[in-house]
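Work through the exercises below with the coordinates open. Try each task before reading its solution.

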Amino acid sequence: MTERIEKELLKEIKSDHDYIVSLRRHFHMNPEIAKEEFQTALKIEEELDKIGLAHKRVGETGIYAEIKGSKREGGTKTIVLRADIDALPIQETHECEYKSKIPGRMHACGHDAHTASLLGAARILNAHKDLFSGIIRLTFQAGEEIGYGARIFVDGGYLDGADRSFGMHAASNVPAGKVAVVPGPNNASVDWFKITVKGAPAHVSTPQLGSDAAYIASQIVISTQALITRRTSPMDNVLIGIGKITAGDAYNIVAQKAELEGTIRAFTPEVREKTKQLLSDMSKQTAQIFGGDAQVEYKDFTSPLINDQTSTEEVQQTAIRLFGQENVIKNRQASLGGDDFAEYIIKVPGTYAYFGTGNPAKEGTTAAHHDSKFDIDEDALIQSVSLYTFYAIDFLNN
């Protein structure tokens, strides 16, 4: 691509900014949580129709489309671009003209921006198919917040035979105008667990006649921390968190049942599996010591997100050319939060970038993700659309 063409494309992206902002605000005002993104999917399909792209549903609310390059010379490579589309069960408290209209629902993680950005890139790419060869696969993924939607695309074969995968996420703790593209572990695996403790009831005045499930559960909570501090290397980043405990039937009865729900976060598959085994063994042995029984159930929400080295270097090169060396972060600290784009990278080598959306001069844009006051600096949408667009073209042509 010549410098002149690149400047023209950037000018076109900037001229489309109002369109991208309007899309983002539409999605922000009409948020839908995982597995309920029906109106969101219809809006995406409506916009793809305007662009002139055929599309199909993946699951109930995921959307897939393709753009085939028409450049005569070049190869037949394929790149998969992804945006997640679901919102969160949060009541928005940030006052703005595009505040959520749905009670108890909010785009508090930036997925509205991701969706709008990929639609904006699709519009540019489809209008300039003559600039690249090969195929761009567009995936608008449902259910990221519950670790659901990525595997539907993977299991459905929509990544089969592709050469690269690429996704982006808004980052309120990165200054607007900057992009973080870091090789290796970026996000942790996410496993949900439930520990069910069974004891035996008795009157509290005769505890020896029963088995106290509440006491056993308390010992398990305390012992989980020892699994990290005494059974795991300090060099291995891993977390066990328990967020919900229920136990007992009455104040004067030894509890016959208790349940604990929590999560394990880790950056490598090996540490992940070891920690799950340690938790299961400790829970069962602790229950047995005090006369009870414990069963542990796991749900695999997502694998650790580990950016491919080669793919990351490619995206860094494109970002440096677009935004300047000083605006590309190559060493951002990894997060114990998860993202199921990890499943894409496991299937197809790829990388996940973070585009900065924080601006202290704009209210809400530096609030943490999942905060009820969360917002983004919408000027950052120029960076996100540009990186989707130019990395796709760069990869397919080079």
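**Exercise 1. The largest pocket**

What volume does the largest pocket have? Then describe its lining.

Solution. The model is a predicted one.

Step 1. The volume of the largest pocket is about 620 Å³.

Step 2. Go to the centre. The lining counts 32 residues, and N187, S335, G337, G338 and D339 are the closest to the centre.

Step 3. Assign the lining to elements. Two or more residues come from each of β5 (164–175), β7 (184–187), β8 (189–198), β10 (257–266) and β11 (293–302). β5 gives the largest share, with four residues.

Step 4. Sort by residue class. The lining holds 11 nonpolar, 14 polar and seven charged residues.

**Exercise 2. The sheet of four strands**

In what order do the four strands of the open antiparallel sheet stand? Find the edges, then the helices that pack on the sheet.

Solution.

Step 1. The order is β9-β10-β8-β11, and the pairing is antiparallel.

Step 2. β9 (238–247) and β11 are the edge strands; each has a single partner, so one side of each lacks a neighbour in the sheet.

Step 3. From one strand to the next, the twist averages 20 degrees.

Step 4. Take one pair inside this order. β8 and β10 are joined by 10 bridges in the antiparallel sense. To fix the register, use V190, which stands opposite R265 in β10.

Step 5. Add the helices. α6 packs on the sheet and touches β8, β9 and β10; its direction makes about 170 degrees with that of β9. α7 lies across β8, β9, β10 and β11, and it runs at about 160 degrees to β11.

**Exercise 3. Three side chains in helices**

Are I220, R272 and E343 buried or exposed? Place each residue and list its contacts beyond four places in sequence.

Solution. The cut-off for buried is under 20% relative accessible area.

Step 1. Start with I220. I220 belongs to helix α6 (residues 213–230). Its relative accessible area is 0%, so I220 is buried. Its contacts are I195, V197, M282, S283 and T286. Check I195 against the chain: 25 residues separate I220 and I195 in sequence, while their C-alpha atoms are 9.3 Å apart.

Step 2. Go on to R272. R272 sits in helix α7 (residues 269–289). R272 counts as buried because its relative accessibility is 6%. Its contacts are S189, V190, D191, A266, D300, T302, S303 and P304. V190 is also the residue that stands opposite R265 in β10.

Step 3. Finish with E343. E343 lies in helix α9 (residues 342–347). A relative accessibility of 10% means that E343 counts as buried. E343 touches A150, R151, V154, T302 and S303. T302 and S303 are also among the contacts of R272.

**Exercise 4. The sheet of eight strands**

What is the order of the eight strands in the open sheet with mixed pairing? Then trace its pairings.

Solution. Strands of a sheet pair through backbone hydrogen bonds, either parallel or antiparallel.

Step 1. The strands follow the order β1-β2-β4-β3-β5-β14-β6-β13. The edge strands are β1 (55–58) and β13 (328–329), each paired on one side only.

Step 2. Begin at β1. Four bridges connect β1 with strand β2 (residues 62–68), and the two run antiparallel. H55 stands opposite A65 in β2.

Step 3. Move to β14. β5 and β14 pair in the parallel sense over eight bridges. P175 has G358 of β14 as its bridge partner. Strand β6 (residues 179–180) pairs with β14 over two bridges in the antiparallel sense. Here V179 stands opposite F355.

Step 4. Add the helix. α10 (residues 381–397) lies across β3 (78–84), β4 (135–141), β5, β6 and β14, and runs at about 165 degrees to β3.

**Exercise 5. The burial of β14**

Why is β14 described as largely enclosed by the rest of the structure?

Solution.

Step 1. Count the buried residues. In β14 (residues 350–358), nine of the nine are buried, so the strand is largely enclosed by the rest of the structure.

Step 2. Split by face. In a regular strand the side chains alternate between the two faces of the sheet. One side of β14 has G350, Y352, Y354, G356 and G358; the other has T351, A353, F355 and T357.

Step 3. Conclude. The residues on both sides are all buried, and both faces of β14 are covered.

Methods: Residues numbered from 1 in each chain as written. Predicted model: local features only at pLDDT ≥ 70, side-chain atom pairs only at ≥ 80, totals over all residues. Heavy atoms only, no water. 1 Å grid on protein atoms, 1.4 Å probe; cavity = no way out; pocket = protein on both sides within 12 Å on 5 of 7 lines; lining within 4 Å. Points joined across faces, edges and corners; volume = space filled by probe spheres on them. Nonpolar A, V, L, I, M, F, W, Y, C, P; charged D, E, K, R; others polar. Buried < 20%, exposed > 50% of the residue type's maximum accessible area, 1.4 Å probe, protein only. Contact = heavy atoms within 4.5 Å. Pairing = 2+ DSSP bridges. Axes fitted to C-alpha atoms, helices over the stretch in contact; angles between N-to-C directions.
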